[in-house]
Amino acid sequence: MTLEDDDLLGEVELTTTLIIAASESDEHLSQEEIDRILGVTPVPPSSEVPLPRPRER
């Protein structure tokens with residue numbers, strides 16, 4: 001029996017990549033740099049997508 005979680009291994013790899021990039025940088029990483037490192041394609045806000053409503057108290 002193998003104790004392996006592919007999702008967890010993927011997250012560890014992404015986290016490791018981000019840690020290495022941050023440690024090699026002289027400045028804080030910008031959000032754009034972090035997104036590029038993680039392979040994230042940001043979705044620009046759209047007027048068609050409603051914003052979440054604040055919780056009622």
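**View 1. Asp-35 is a buried acid (buried: under 20% relative accessible area, 1.4 Å probe, protein chains only) with no salt bridge.** A salt bridge here takes a side-chain nitrogen of Lys or Arg within 4 Å of a carboxyl oxygen of Asp or Glu. The nearest side chain of opposite charge, Arg-36, sits 9.9 Å away from Asp-35; Lys and Arg count as positive, Asp and Glu as negative, with His and the chain ends not counted. Look for Asp-35 in helix α2, residues 31–38. Leaving out residues up to four places away in sequence, Asp-35 touches Val-40 and Pro-42, where contact means heavy atoms within 4.5 Å.

**View 2. Glu-4 counts as exposed, because its relative accessibility is 55% and the cut-off is over 50%.** You'll find Glu-4 in the segment before α1 (6–24).

**View 3. The whole protein chain has two helices and zero strands.** Helices (H or I, at least four residues) and strands (E, at least two) are DSSP runs, numbered from the N terminus. Of the 57 residues in the protein chain, buried ones make up just 5%.

**About the model.** This is a predicted model, so local features need pLDDT of at least 70 and side-chain atom pairs count only at pLDDT 80 or more, while totals for chains, interfaces and linings use all residues. Residues are numbered from 1 along each chain as its sequence is written, and side-chain values use heavy atoms, with hydrogens and water left out.
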